[in-house]
Every structure is written in C-alpha cells, then in structure tokens.
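Open your viewer and get ready to click along. We will look for pairs of charged side chains and then visit one helix.

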Amino acid sequence: MSELQQGGHDDGPEDVCVEKQDMKDENTHSNDVTSFGDGNPEKKSEEEEVCKEKEASRAHIEAVRKKQFELFGWNCRFCDMPFESSASVARHEEICYDPVQESICSHCGKCFTYHSNMIKHERIHTGDKPFECQFCKRKFRTENNMIVHERTHTGEKPFQCLFCSKAFAQKNSLDIHERNHTGNKPFKCHFCDKTFSCKSYVSAHERTHTGEKPYKCDICDKGFSQKYALTVHERIHSGYKPFKCHFCEKRSTTKNNIIIHERTHTGEKPYKCHFCDKEFSQQNSLTTHQCTSHVDI
C-alpha cells in the first residue's frame, strides 16, 4: 500500500508554504537556492508565487467577510439565511451557491442556475416569509425587501442623486430619477412610440393597450394593471396607513394623499390655470375648473 493510501497526502499549495517555513528554520545559514525547491531556482520561484497567491486570496476572502459582517451581519449572500458566525455562513454558502448543478422548483418545474434563486422562488409557492419588519411586524420573502421596507419607517435614504440633492431609499429609484436629468429613456412601447426611463413603466403603459390586469387581490379578487395599485388597494382591507401628516395626526394609505392633505395646512397651490391665473392645490381641481370655466376657449 502506498503512503498516500495509508493516510499520507501529496504536497498541495498549503503544504508548500509550511515546508518552505520549516526548511528556512532548519537551514538559517544556507542560501535560498539550497534550502527551498530542491536547489532549483525556477521551482523555488513557482512555489513562492503559489504561496503569495494563496496568502492574497486568504486576505481578500477575510476582507470580504469583514465587510459583509459590517453591512449585513452573517447572512448568506444568496438566500439571505442568517447565521451566528462567518464559518457557519461559509459552509452554508458552499451548498447554497452551485453554479453548475441546475436547481428545479418542486412546485412548478421552473429551472434555476443558482440554488439560492430557487429557494427564494419557492417562497412564492409556499408563502414563506421569514423576514419580519421590526417596526410593524410585516413579513417578507427576502431580507433585502424587508430592509427597503423598514426605510419607510426610519426615513433613511442612503442613495443621493449626483445632479440634485434628492435622495432615495432604493438604488433602483435613484437610477430611474437620474434619467430625468440625463433624458435617457431606453424603454419603448411595443404598441406606440412612447418611451420610458424605467422598464416597469413601459410594462404598465403597455397594459393600457392590452387591458391586462395581472395583479389580483387575494381578498376580493379585484384586478390591477400595476403591482403598486394592488399594494395600495390591499391597505383598504388591512387598514394599514403608513403615511402620516407632519402637521396633524391624519394618516393615509398613500404618500400622495398625505402630500395633498398637507397643502390644507401650508396653503400651497402649485397648479395654476394658464387662462385666468387661478391656483389650485390639486391637478384634478384645475382640470375641472378649466373644463367648466373655460370650455369655449
């Protein structure tokens, strides 16, 4: 039986590093050529390079882990599952992250390159929402969605526009906003020539052509063409009113309703009739005024 079969092992990159240190300790008065790499300068250089690369790789991994802990704690980068230590999350990620083995949803048969994406997808079927908002106890399928939601409570807006002072709670919202400054509208309607700065905008617009309403309320089965419209509608059933007036105790299901309400406190009237200069606090009030007072113009 060979030494390897008896439990020995071939020298890998880590063994080379250890061997180099041991031989240097034993031969402190010898030159490098005779003490490392069997006297072969080329082999010595190759082995030193392996050591350097491995040390650099370890340093990089440690730096990534440290940054991950500072930002998120010990959570799997692929499925959001929380862990108590970097070692635990590292072991889990080796299983969770599998770019070679295709994962298949056990509910609908949809295929995913990454097992972690399949785990998140299956929560749609199971209804599993393991992440809970610390402020209102609302639950979410992914930790990222929970973090974004919690910013509606804290008011945190970490993403600031490069062109103005406006800030946003989500990076995607910032990207869309900045296109208003640049004029970039890369998404075009398939039915008309209208263009949009956001893909979801063009999708919602195209439903005005098709009449499609894919978002259904689970309680009353009412359909909506936009996901946000469904979210606002569901607050009618739940009684959830996340937006509060800065001047009184009034709350609302939408931010826009609060903005309009607050104008009763501030007296602001941003909508001005270009026929008679009369001002209004709401766009629909201006439209009604123009249709009734200036119908012949």
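Start by selecting K137 and E132. These two residues form a salt bridge, and their closest N and O atoms are 3.9 Å apart. The cut-off for such a pair is 4 Å, so this one counts. Side chains of opposite charge can pair when their charged atoms come close. Now switch on the surface: K137 is exposed, with a relative accessible area of 51%, while E132 is partly exposed at 36%.

Before moving on, zoom out to see the whole protein. This is a predicted model. The protein has 297 residues, and 26% of them count as buried. Colour by secondary structure to find eleven helices and 14 strands. The accessible surface comes to about 20800 Å², with 49% of that belonging to carbon and sulfur atoms.

How many salt bridges does a search of the whole structure find? There are six, and the pair you have just seen, K137 with E132, is one of the salt bridges.

Next, select K171 and D175. They make a salt bridge too, with 2.7 Å between the closest N and O atoms. Where do K171 and D175 lie? Both are in helix 7, which covers residues 171–182, and they sit four residues apart, about one turn of the helix. K171 is partly exposed, with a relative accessible area of 43%, and D175 is also partly exposed, at 27%.

Stay here and select the whole of helix 7. This helix has twelve residues and reaches 17 Å from its first C-alpha to its last, close to the 16 Å expected at 1.5 Å a residue. Which residues of helix 7 are buried? Show L174, I176, H177 and E178 as sticks, as these are the buried ones. To see what surrounds them, add three more elements to your selection. The buried residues of helix 7 pack against strand 5 (159–160), strand 6 (167–168) and helix 8 (199–210).

Now step just past the end of the helix. G183 follows helix 7, and its phi is positive, near 80°.

For the last stop, select K188 and D193. Here is another salt bridge, whose closest N and O atoms are 3.4 Å apart. Is D193 buried or exposed? D193 is exposed, with a relative accessible area of 65%, whereas K188 counts as partly exposed at 45%.

Methods:
Residues numbered from 1 in each chain as written. Predicted model: local features only at pLDDT ≥ 70, side-chain atom pairs only at ≥ 80, totals over all residues. Heavy atoms only, no water. Salt bridge = Lys/Arg side-chain N within 4 Å of Asp/Glu carboxyl O. Buried < 20%, exposed > 50% of the residue type's maximum accessible area, 1.4 Å probe, protein only. Helix = DSSP H or I, 4+ residues; strand = E, 2+ residues; numbered from the N terminus. Areas by Shrake-Rupley, 256 points an atom, 1.4 Å probe, with all protein chains shown as cover. Expected span 1.5 Å × (residues − 1). Contact = heavy atoms within 4.5 Å.
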